[in-house]
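Hi,

Here is the structure I promised to pass on to you. Have a look when you get a moment, and my notes are underneath.

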Amino acid sequence: MSQLVDRRLSGKNRSAVNRQRFLRRFKAQIRKAAAEVVSGRKVADLERGEKISIPSKDLSEPSFHHGPGGRRNIVLPGNREFVTGDKVDRPDGGSGGQGEGGSPDGEGMDDFVFELSREEFMDYFFQDLALPDLVKKQLAAVPEVKKARAGFVSQGNPSSLHVVRSMKQAIGRRMAMAAGPRDALREAEEALEALVARGLGASPEAEALREEIEALKSRIAAVPFIDTWDLRYANRVDQPTPSSQAVMFCLLDVSGSMDQDRKNIAKRFFMLLHLFLTKSYERIDVVFIRHHTVAKEVEEEEFFSSRESGGTVASSALELMRDIILERYPSANWNIYAAQASDGDNWEDDSPRCRDLLVQSILPLTQYFAYVEIEAKEPQSLWHEYERVKAASPRFAMQRILTLEDIYPVFRELFRKKVA
Amino acid sequence: MAVEMEGAASPAAKRQPLSEGSEWTFELLDRYDHEIARVAAHYGLDTDPNQIEVITSEQMIDAYSSVGMPVGYHHWSYGKQFLSTHKSYKRGQMGLAYEIVINSNPCIAYLMEENTMTMQALVIAHAAYGHNSFFKGNYLFRTWTDAEGILDYLVFARNFIAECEQRHGEEAVEELLDSCHALMNLGVDRYKRPAKLSMAKEQARQAEREAYLQSQVNDLWRTLPTKQGAGRQQRAPRFPAEPQENLLYFIEKNAPRLEPWQREIVRIVRKIAQYFYPQRQTQVMNEGWATFWHYTLINHLYEEGKLTDGFMMEFLKSHTNVIYQPPFHSRFYSGINPYALGFAMFQDMRRICEHPTEEDRRWFPELAGSDWVKSLDFAMRNFKDESFVAQYLSPKLIRDLKLFAMVDDDREDKLEVTAIHDDAGYRRVRQLLAEHYNLGNREPNIQVYEVDVFGDRSLTLRHYMHDRRPLGESTPEMLRHVARLWGYAVRIESVDEGGAIQPDVAEG
């Protein structure tokens, strides 16, 4: 005789620990793969899990086995045309007619592919950027919520017990439970009175009625004053705190000197800024402006991929940004953030104009303007002009970035302001 | 394949099916199990008590990744298994297997919640009666595994390893387990019978063993400092006196630098390897037996009118999927399907018993015309894959499967077909297929040959070559694993069948 056991509710995720062990063990490989994935993603598209693929030879579990060579006998099914003594060419891949077909979805058999969850993926993203733990926590946190009342429920913890509601419930239950016996009691009492009125107060019928009355009274008395299912608790639900909208301007120099590596650093920078903003604002628009000698608003794909030749006029981008703000993002309704990335090359005569634009028309409208100079050899005219801007306005931050780790200090500025 | 539908003609009025729809309930599972048990008893299947557990697909993936062990210690390789199973399941590339069944007492079989009633019945017949009776009856399982003690032992192992992780750090334990897992296939006794396992005894003996082992090891190495070179002249007897096949056992008992807890972990891995060893030797028989019985039991119930036609259609569909054998040139071919071969062989044996041909009488004089239930039971109890194929693979089956043999010799330019399904070839095909299931041929034969006790303490392994086949490219890495356990240098030499030592000596 067999025993049937329902185990469906017990012990899910028994492999969670083993999964963590796996991720820890292959940290280096996963990190590399995650970095590649980041380069392929959109700026605003950071917070989701990802398929990660690492070479399976890195994580093989070895055992002693035979190598090719020697003499091997093979037995195979499905003979079609062979007779004893036939000689056949050795098929590619060696082993007697076997040969793995490629996988249908084009992933190589040589890769081990698996999914990282959103948290895990973010973790790897942060690792590269050398963020302090506190910041990581703030970034990875879910949006803030506020508790709001939402009626009453029959289960809850004692501290949220609602006395008035519970009592109301108890009254109703007592009335309902006692209604039947009470009717019977009234009838019995009336019958007894009638008997007494007829002078039959000592008859057996009257005795029986008196007993019944006693029984009914004790039944009514036995209805509990308050019971566990009378209890009502105040219900509270999480409501996201109301937050406003923001627009983020990404300004990128695409002149000939900005190569792919520099653009990748710039991209990380934009991604991180976007991530910061998503923690504070519910709705974020992203505007991509690229420029060389002229500026242009573009879609994201074009933003990172295109590369132009020729010189740089940074003010063109700032002008375009100003125009877009005036046209589409009135600063009364929008929190405006901007990040500008460049390698520092600019036309000598243009830099003072950039400064004027910033100080006079852009900074008064924006919350924050961050400028990063990527892998520049020497600070150039733009940098010197911007240093003057920085002295004049607390809303302006600038930083030279050589490697990915340098990105964070820019954000520390921004972050300090938020915390305060 | 002989399809048994003789009973299918029974009038519909007689049918009183157990259920109509495809939904299952616990009451229905119970009724089906009852009926299947009744029929199984009718055929004389001897089983341990069953514990049938209903689980979700997620839990099934969990069970998968711990190689079906209900309790397992933590290791990244299980995590890797989990991730890859999870991914292919999510993408729908693979349906999860019908079932996982654990050789324990009671015998635990998992049913997936998502399955239809038909599938549940199939799994019950397959796992709870097919595999279960095989575990209980086959001589390898009877001698080498102890269904009573395994669950307790696994609990002991997990707790012990968790404790070691706390005391010595996860990394240290992980490294050790990596090396032990690499040597798992060389951690079995092929001929010696292991002692019974039980939780209480294990715990009591573990402390004792720790102290004792360490003293033994110290003893072996103690003579060292006093002799200093003097021992070199008079060549001491070789240690070990005989080559040892069980590498993990040898390391557990003799490795000079392992700490007691490390020896215990080596022992745990070795015990688990030993527990799974019979399964690796009886894959064809075990799956064939279980498949044969789910087919026979379900058909019997159908003939009794207890199952609907719809049930049978679904049943036959999954049954034929399981026993499909793609031909060698198909892109789905990945070796001989053990379900297909095993099922076909048992089915063929039943045919030989019931309706023998003249050819069968010549090849299987004892089998032809005998009581099939008894003959199959005998085969199940007393064979493993290698001997089972050598004994029972019939010419008819070789013809049906169109089996042929080839030889791939690196001294020749071309492959040669050495035998096909004809009179001249039957015996040779059969013999070669049987050899294919000999684990001794499939895996390299590596033994502990010598320890340089008075010198640098290095360990020498010997690979006894079979058909001149060399070791694979993983050998240097493997030697590093052995060296990690042994603590000193490890080298390996290959010895060909003539006894000459090959020049390719690797060191780790």
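Below is what I found, starting with the confidence and then moving to the contacts between the chains.

Please keep in mind that this is a predicted model. Chain A has an average pLDDT of 79, and 84% of its residues score at least 70. Within that chain, helix α5 (residues 163-197) has the highest confidence, with a mean of 91, while helix α4 (residues 133-140) has the lowest, at 54. There is also a stretch to treat with care: across residues 93-108 of chain A the pLDDT is below 50, and the model gives this stretch 19 contacts beyond near neighbours in sequence. Where pLDDT is low, the predicted coordinates should not be read in detail.

On chain A as a whole, there are 12 helices and 13 strands. The chain has 420 residues, of which 28% count as buried. Among its contacts with a separation of 6 or more, 79% are between residues 24 or more positions apart.

Now to the interface. On the chain A side 53 residues are in contact with chain B, and on the chain B side the number is 80. Which elements of chain A give two or more residues to its side of this interface? They are the strands β1 (3-6), β3 (71-76), β4 (87-89) and β5 (111-116), together with helix α1 (16-25). Sorted by class, the chain A side consists of 20 polar, 17 nonpolar and 16 charged residues.

Two of those strands also pair with strands of chain B, and I think you will enjoy looking at both places:

- β1(A) runs parallel to strand β1 of chain B (residues 50-55), and four bridges join them. Asp6(A) has Val54(B) as its bridge partner there.
- β4(A) is antiparallel to strand β5 of chain B (residues 414-419), with three bridges between the two. Here Lys87(A) is partnered by Glu416(B).

The second site can be followed further into chain B. β5(B) also pairs with strand β4 of chain B (residues 404-409), again in the antiparallel sense and over three bridges. These two strands of chain B form a hairpin, with four residues between them. Which residue stands opposite Glu416(B) in this pairing? It is Val407(B). Glu416(B) is thus a good place to begin looking, as the bridge partner of Lys87(A) on one strand and the residue facing Val407(B) on another.

Happy to go through any of this with you.

Best wishes

Conventions:
Residues numbered from 1 in each chain as written. Chains lettered and ligands numbered in written order. Predicted model: local features only at pLDDT ≥ 70, side-chain atom pairs only at ≥ 80, totals over all residues. Contact = placed C-beta atoms within 7 Å. Nonpolar A, V, L, I, M, F, W, Y, C, P; charged D, E, K, R; others polar. Pairing = 2+ DSSP bridges. pLDDT = per-residue confidence, 0-100. Buried ≥ 20, exposed ≤ 12 C-beta atoms within 10 Å, placed from the backbone.
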